[in-house]
Amino acid sequence: MVHDHTGLLEDLKSHQAQERARLPKTQRQDSKARLNLFKQSLKIKAVGAVEQRELIKQFLVQEEARQKEERQRQQQKHDAHLKELQRQCDANMVELQHLQNEKLSLLVSREREKLKTLDEEHTMELKEWRERLASRKEILEEELMRRRQQQDVPSRHSSEPDTTKSSLHRISRFFPLPSFPS
């Protein structure tokens, strides 16, 4: 945006410089045409040569003053246009900055809302996980107790030989048992 404003200002300055360069040429052309008209009007009035020179000198002085005034008007007009464009560019920059600040605050508020929502979801999930953790812990403790109890039962009977069919079957998988006739 600053680049665009700088470009606009440079274009206006360039255009004004061209107008300033053209003004003296147009003023000279206009001055010659007016002088010719003035001389013709003096010839028509039949003014004497001495008086004619005097009137032409006065005309040239007035013409120079008119040209100077025209250059000043042009410079004032250029300055006013330049100031107006600069004011407009500054106003655009202020408005753009204001819009960017609004967008930024809107973006920040949206991000805060998203973070708040995510944080609430995370807190809820963590709470549910902790609630499930307590029940899972109880289930695991019960399972562990049951297994310990199961392990304790065979170890008490280990002093007696285990002759159940399942234990013989387990042993037979590893060692071949001879069969004895009964």
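Let's start with one residue: leucine 107 counts as partly exposed, because its relative accessibility is 48% and the partly exposed class lies between under 20% for buried and over 50% for exposed. Keep in mind as you look around that this is a predicted model.

Where does leucine 107 sit? You will find leucine 107 in helix α2, which covers residues 49-156. On the surface, Leu107 joins Leu104 and Val108 to make a nonpolar patch of about 260 Å².

Now follow helix α2 to another residue, glutamate 121. Is glutamate 121 buried, partly exposed or exposed? Its relative accessible area is 43%, so glutamate 121 is partly exposed. Glu121 also belongs to a surface patch of negative charge, where it gathers with Glu113, Asp119, Glu120, Glu125, Glu128 and Glu131.

With these two patches in mind, step back to the whole protein. Which kinds of secondary structure does the protein have? There are three helices and zero strands, and reading along the sequence gives you the pattern α-α-α.

How many of the residues are tucked away from the surface? Of the 182 residues, 10% count as buried. The accessible surface of the protein comes to about 16200 Å², and carbon and sulfur atoms account for 57% of that area.

Finally, take a look at the contacts. Among those between residues at least 6 apart in sequence, 73% join residues at least 24 apart.

Key: Residues are numbered from 1 along each chain as its sequence is written. This is a predicted model: local features need pLDDT of at least 70, side-chain atom pairs count only at pLDDT 80 or more; totals for chains, interfaces and linings use all residues. Side-chain values use heavy atoms; hydrogens and water are left out. Patches are made of residues with over 30% relative accessible area and no salt bridge: like charges are joined within 9 Å, nonpolar side chains (Val, Leu, Ile, Met, Phe, Trp, Tyr) within 5 Å. Accessible areas come from the Shrake-Rupley method with a 1.4 Å probe; for residues, only the protein chains shown count as cover. A salt bridge is a side-chain nitrogen of Lys or Arg within 4 Å of a carboxyl oxygen of Asp or Glu. Helices (H or I, at least four residues) and strands (E, at least two) are DSSP runs, numbered from the N terminus. Buried means under 20% relative accessible area, exposed over 50%, partly exposed in between (1.4 Å probe, protein chains only). Contact means heavy atoms within 4.5 Å. Lys and Arg count as positive and Asp and Glu as negative; His and the chain ends are not counted. The place of a charge is taken as NZ of Lys, CZ of Arg, CG of Asp or CD of Glu.
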